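Biologist: I have a model on my screen and would love some friendly help with one part of it. Could you take me through it slowly?

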Amino acid sequence: MFAGLCAGVLGACFAAGCSKSATLPSAPSKSPERVARSPGDKFVAPATLFASTEAASLSVSRLEPDGRRLMVSHGMRMIQHRDGSIERARELLPSKETVQITALPQRLGGGYLFYLTSSSATMVWSAAEFTGKLKPLANVDFGIDGIVPGFDRLYLMRSRSHPDLPVAIDHSSGAALDLGPLPPSPAYETLAFADGWMGAVAVPLRGVLATFDAGASWHPVPEASRVVSTEHGLVMRTTAGWGLLTADGVLRRWESSGDDGHKLDDLLAMLGESGVPTAVPQESVQRTPRRPLGRDPLRQAVLHGVTGPKGSAYVAHLGALARVSLEDGKVLEVAENILPANVNCHGIRLGAGFGFVCSEERGPTTIYALGKALSLEKVLAFAQPRYVADNENGDLVVRGRCEANDTGGGYYCLLTKSGLRELRVRGDVGAERVSLLADGTAVVLVPPRKGAAATLTRVSLDGQATPLKLKLPTTGPVANLIRDGIWLNGFVESGRGELSGWVAGTGPFVGIRIRRDGKVEHGEVQNDVERALISGRFALLVAQYGQALETVDGGFTWTEVPTLEAAERRSATTLREQGCSPIGCATAEWLRIGWTKSRGPSRDEAVEPPERTELPSPGGGRWTMHCYPTGQASPRAIVAVATHEERERARRALQSSAGAFTGAGSVTATLESTAWQPLFEVPAPRLPPGYLGFDMAVDYGSERAQGYVWGQRGADWSRTGVFALRVLDRFSVANGVWSSEIARSPWPDELSAAAAFGQSMGGSSAAWQYESEASGREGLLLVRQPAQTDLFIVSEGRAVTPIRGAGSLVRTSGVAKLGSSWHFGAPTVGGFAVYKIVGDQISLVNTYPFDEERSGSRAPRLVRNTDADALAIVLDATSHYIYPVNVGDGSLDSPLRISPVDVSKLPPRCAADENGFVFTDTVAVAPFVELMGKAAAVNATRIDARFVATSTGVCVDALAGLASAVLPEPLDRGGAPAQAGATGAPVPMVLSEQGAASRRWGFDCYR
């Protein structure tokens, strides 16, 4: 149960601990002056809501060096001060998402940022103080992993699930800014700033870069792989261990092991002991002062206190008696060590004032009167655990005899304003509920039981008993609930001699009132008693989604009141004490101080959401091109007729593994040549009669090639077998298909050749990748099989050259030839590598850090410049980043950046002497291509451009695209482009038809 029944017992009556001996105390020689009740102390109002400092839903819990604890729960910002008092903000942040915070450094004005983020949106507010007035700052339509305060602006770091460049905003206005002093990069894995001058970033390929002049220059940190901003400065992880980068540019290591060694928090603790200066001097960290009422005085006041003057409450806890402010939980005055530290005390009304019922675990029960100057007067003591009921009128009912050592079954000790007296009940002892009216009359209430009616007996001061049969409702669900439900302990006088209390079933519950004539009236039935907190005439029914119903008249009037969003029923299983009292209510997730007297406005304010942040467009646009036919056209592709015999040979080759386990001879006997297909307009090499041949189509990205190998059956193919490759240069019309020279087979026999060409006996086919060099007339071929990987240099008119040492390659990513030296790029585990081919061996030039999932870009690729004397690595993201490579040591220079604005329209045609880095990419936004003349009815799609990037801009060397249909013939050279308003030198475009009998056509395109 949601502590409802337990709270009902504890609120209206006190179940004491266990004890063995006690005596009635004699009157003190000089009684302290007691604290009297005021007319307005029936309950605290209006209501104020606090999130619990121990709530499971705390999204922020941060201990500051000065001892303050900063918290956010359910959108409520609070500070728990060193003395345990609570300061809270009046504005509530939306609580649907977890609130996160970022502290701003003094260089950005100090204060705090509060933000809510999801996968599709982020809202940011700022405040000069943690609980200060919130200022809407930013609202963007993407999720973030955090906010990093930079040198002069804030960086919103996009979530890793959607990697992209961070967004920079002004720390004061929230307006979008550019990235400022950050080094150019397609992504930033980490941003860290130690102060206004020193910072570090982790970026793809270049790794960790540091600056000591606020971003005017950035320098690589050798071997660093990770950077963390801490109070000690910039802590970095290197291959030799963790280290601290200091302002003199030295990386001071604190570990020597190459593995992770200490965890980061262990390292920071070690740095704290090493004498490294911290952002906050250690001597400024203050010890938490002694808290006489524990960590949460306000919760103790709600659950076990009694109201005091001027918005305060008296609390007895941990051996101390204190007066606590109900505004913030601050201890206003305290008297320590006036009670044993192990007693539990609960506040009650006592006579004309207040008091406490205190008990020890399996020890005595003592009733104290509250005196002025924080003193306690012992009124009554018992040796055993006693049930003590507070009747809310100053009189008490104690179960058992008034003698200290006599629990006396069927007896009650009544403490009234007129003194002590005993009451004995007979019959079914234990079923009764005993209360005291304000005039001293005792009331014995016996709920209805099977076969017995409900009765109420009034016992006057002189012992005269007046029984009365109760008149219960007779029809309807309420009648069944009142007749069959549990009548809870804690019936109290509601006025004019009437009693009020509660009846609960397995789910529904209702408040009832017993009139003087015995008629039982009822309030509105409520459901979910497990969510109810009941205490005398007070009750709070907690809803599931941030609302509640409260009553202060025993359930006859219910008022809807706000609470904090329920934490998915986590409170239902909490071990923390929960309940209500005239001071308020406490659950595991929140405290509610006071009760609502009217339906007035809430004291809390919902914060206004920030207006949508206008982010700058990355630029870009759609190319518009007018393309005129040049009259050039390739021959039509040869349509390969798959005859029955050819199809049968292919089928038999694919099923050749049928004889794999009967010996090599039987396998080779079943091998047949494959289909032996042409490549576009160039036929396959002549397969001599009786020879066995295999061919393989290479279709990788935009690359098209066809490989052939053939030889005599049963011969030594390394001596007599031959191998050739034919490749399409898609940027060429005439002579677009070129061939290598026919050379010796790199496979020694037909079995190994068949496996390399996808005819594996084990059923696993080989994977072929061909990648062209920038010239388009040579490149690298990678052939991967389950058991081996082969790499070949392929050049027009030259023999295919095998390269050794390719076993670890998965694929190549960019091929470049500088003079006679070949280089290529390839992905590695967690990075990207550049290799050089020396002789017939592969040599590693350098590896670069790269995480494809977090980089925000496509995989890197290696390119060269037009003069074939320099290398670069290209990363394609929203912009293109070209990193020049130092061929000597493999280091990278700052990248050239080609922004979307630079290619927002068709760039100019490259001059013949243009020197820059050459790379090919598909145009991001499909251009509008108007084919002129007879080709007007055909559309051009998937346009690839061969760009040349220089330090001053970008130009286009050639275009290639696909035609949506077969172009009409003849397609002669078009008319004068000047008549259509075309300007500049035309950019050549090759348009390829699709289908078996396709052709390539030449066009000149103008913008």
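Biologist: About how many Å² does the protein chain expose, and what percentage of that do carbon and sulfur atoms supply? After that, please look closely at the open sheet of four strands: what is the strand order?

Modeller: Happy to! This is a predicted model, in which local features need pLDDT of at least 70 and side-chain atom pairs count only at pLDDT 80 or more, while totals for chains, interfaces and linings use all residues. Residues are numbered from 1 along each chain as its sequence is written, and side-chain values use heavy atoms, leaving out hydrogens and water.

About 43,800 Å² of the protein chain is exposed, with 50% supplied by carbon and sulfur atoms; accessible areas come from the Shrake-Rupley method with a 1.4 Å probe. The chain has nine helices and 75 strands, which are DSSP runs numbered from the N terminus (helices: H or I, at least four residues; strands: E, at least two).

Now to your sheet. Its order is β2-β50-β49-β48, and the pairing is antiparallel; two strands pair if DSSP finds at least two bridges between them. At the edges stand β2 (48–51) and β48 (579–581), each with a single partner strand, so one side of each has no neighbour in the sheet. On average, neighbouring strands here are turned by 15° against each other, direction ignored, using axes fitted to C-alpha atoms, with angles running from 0 to 180 degrees between N-to-C directions.

Zooming in on one edge, β2 and β50 (residues 590–593) run antiparallel and are joined by four bridges. Within β50, Arg592 is the bridge partner of Leu49.
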